[in-house]
Amino acid sequence: MDDIVVGIDVGTTKICTLVARVEQDDALRIMGVGIEPSEGIRKGVIVDLTNASQAIARSITQAEQTSGVKIETAIVSLAGAHVASINSRGVVAVSGHTVTIADIERAMDAAKGVAIPNSREVIHVIQRGFSLDGQDGIHQPIGMHGYRLEVEAHVITAAAATAENLRQAVGVAGVQVAQFVLNPLASAEVVLTDTERNMGAVVCDIGGGTTDLAIYVNGDVWHTMVLAVGGNHITQDIAHGLRLPIDLAEDVKKQHGHALQSEIGLEEAFNIRPFGSESPIRMNRRDLCLIIEARVEEIFELALQEIKRSGYDGLLPAGMILTGGTSLLPGIRPLASRVLEMPVRTAQPEKLLGLADRLNSPAFSTSVGLLTWAAALQSLPINEKDTTRKKTRNMKGDGENWNNVKNLLKRLLP
Ligand SMILES: Nc1ncnc2c1ncn2[C@@H]1O[C@H](COP(=O)(O)OP(=O)(O)OP(=O)(O)O)[C@@H](O)[C@H]1O
Ligand SMILES: [Mg+2]
């Protein structure tokens, strides 16, 4: 069972545990699925440990029952406004004058050595490029001659207490967290093509409580951001604006929603029953879509601000790849393109084998991405990490952790 991978996506609206077998050519055969409505989670963060633990446990049990696999460890998604990232450099002398993996690891450790307070936990240290004796732009320095190796790294940290709460909530269900993976990095595994990754593109996953962004340039992650706003805010606006209970507002959004009110005919209408009303009333669909458009526009304006703040806004010719449940909203793609002034496409998991029916939706990009990530981790040779293709996945907090992960993954597979 060396080829089984497990991912738990702890989202604001749903918790999704997936068990899959990695088949030839890295194809994923979904063996177990456990999808449960989230409880005790707001804006990507646990706010009620008991409720969250129970919901996570139910999702895990479901996935175990469908797959017949006892889950012991898993890759778990992480999001929330507490996530922060910085770019950092690590410099070391090359010990044998020929760069080895050990040199790279030391350089990564040095990059990680930037002052990180105790209240923060390092989630990813991602190498963005190397320079050797001052020569920039080196992608794969192993085997090259030189004296001074510098690594440019992207260090992603989370609030330690928040990460610990999530670790504990998963632990209650008897499952150990092998590694946390930041939401947008998991989604990118599924929705981003190699061409986009190399040309420069931004992945944007709009879920219920968070909007997760990751900027890829030259094949690597250069910047990540998590905004604490998502589809739930659209629903809340509708509930306030039309005086509807939240559940009804959510249904109305999914049934009649559109992100561009100008696309809606003046005469289009639907029936609803607001608070305090005895009988259904007729509601103009344009009024609904006006509310939606205002909020969605604001989400993309915030995203644009963040992209500009990163300084990489000029490096994204492949534009934005939009995913997450909220990307199902009709009209969201052209609206995004209008606000961001860049090409936008929507994407979702594809080419899954086995129990894939429910997963062919942009809401499951992160969930499936965790499996792809786990599969990539597993396929790494023990002594020789392929730092060219899998670099975004194989770097974590530190070297020791890395070995732990490999061991954990091994243990997961009976
Ligand atoms: N057809 C649809 N039209 C509009 N919105 C939709 C549609 N289907 C789902 N959504 C919205 O997608 C959101 C859920 O998306 P998703 O499942 O990606 O979130 P999540 O992963 O649980 O949350 P997060 O990643 O923010 O923690 C909800 O706000 C839901 O209303
Ligand atoms: Mg999500």
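A residue counts as near a molecule if one of its heavy atoms lies within 4 Å of it. Keep that in mind for the ligand stop of this tour. One more thing before you click: this is a predicted model.

**Stop 1: colour by confidence**

Colour the protein by pLDDT. The average is 89, and 91% of the residues score at least 70. Now select residues 382–414, where the pLDDT is below 50. Even so, that stretch has 77 contacts in the model beyond its near neighbours in sequence.

**Stop 2: ligand 1**

Select ligand 1 and show what surrounds it. You should have 20 residues around the ligand. Which of them come nearest? Those are Thr12, Thr13, Lys14, Glu250 and Lys253.

Next, show the side chains of Thr12, Lys253 and Asn232, and check some distances to ligand 1:

- Thr12: an N or O atom of its side chain is 2.7 Å from an oxygen atom of the ligand.
- Lys253: here too, a side-chain N or O atom sits 2.7 Å from a ligand oxygen.
- Asn232: for this side chain, the distance from an N or O atom to an oxygen of the ligand is 3.4 Å.

**Stop 3: His256**

Where does His256 sit? Select helix H7, residues 246–256, and you'll find His256 in it. Turn on side chains and pick Gln255 as well: the side chains of His256 and Gln255 make a polar contact at 3.4 Å. Then look beyond the residues up to four places away in sequence. Out there, His256 touches Phe270, Arg285, Leu288 and Cys289.

**Stop 4: the cavity**

Last stop, and this one is empty space. How many cavities of 30 Å³ or more does the structure hold? Just one. The largest cavity takes in about 80 Å³ of space.

To find it, select its lining: Val10, Gly44, Val45, Ile46, Ser77, Leu78, Ala79, His82, Thr162 and Leu166. Switch to a cartoon view and pick out strand E5 (45–46), strand E6 (73–78) and helix H3 (160–172), the elements that each give two or more residues to this lining.

Now colour the lining residues by type. What kinds are they? Six are nonpolar, four are polar and none is charged.

Technical notes:
Residues are numbered from 1 along each chain as its sequence is written. Chains are lettered from A and ligands numbered from 1 in the order in which they are written. Side-chain values use heavy atoms; hydrogens and water are left out. pLDDT is the predictor's confidence in each residue, from 0 to 100. Contact means heavy atoms within 4.5 Å. On a 1 Å grid over the protein atoms alone, a cavity is a set of points where a 1.4 Å probe fits but cannot get out, and a pocket is an open set with protein on both sides within 12 Å along at least five of seven lines; lining residues have an atom within 4 Å of a point. Grid points are joined across faces, edges and corners, and a volume is the space filled by probe spheres set on the points. Helices (H or I, at least four residues) and strands (E, at least two) are DSSP runs, numbered from the N terminus. Ala, Val, Leu, Ile, Met, Phe, Trp, Tyr, Cys and Pro count as nonpolar, Asp, Glu, Lys and Arg as charged, and the others, Gly among them, as polar. A polar contact is a pair of N or O atoms within 3.5 Å; within protein, one must be able to donate a hydrogen and the other to accept it, and residues adjacent in sequence count only if both atoms are side-chain atoms.
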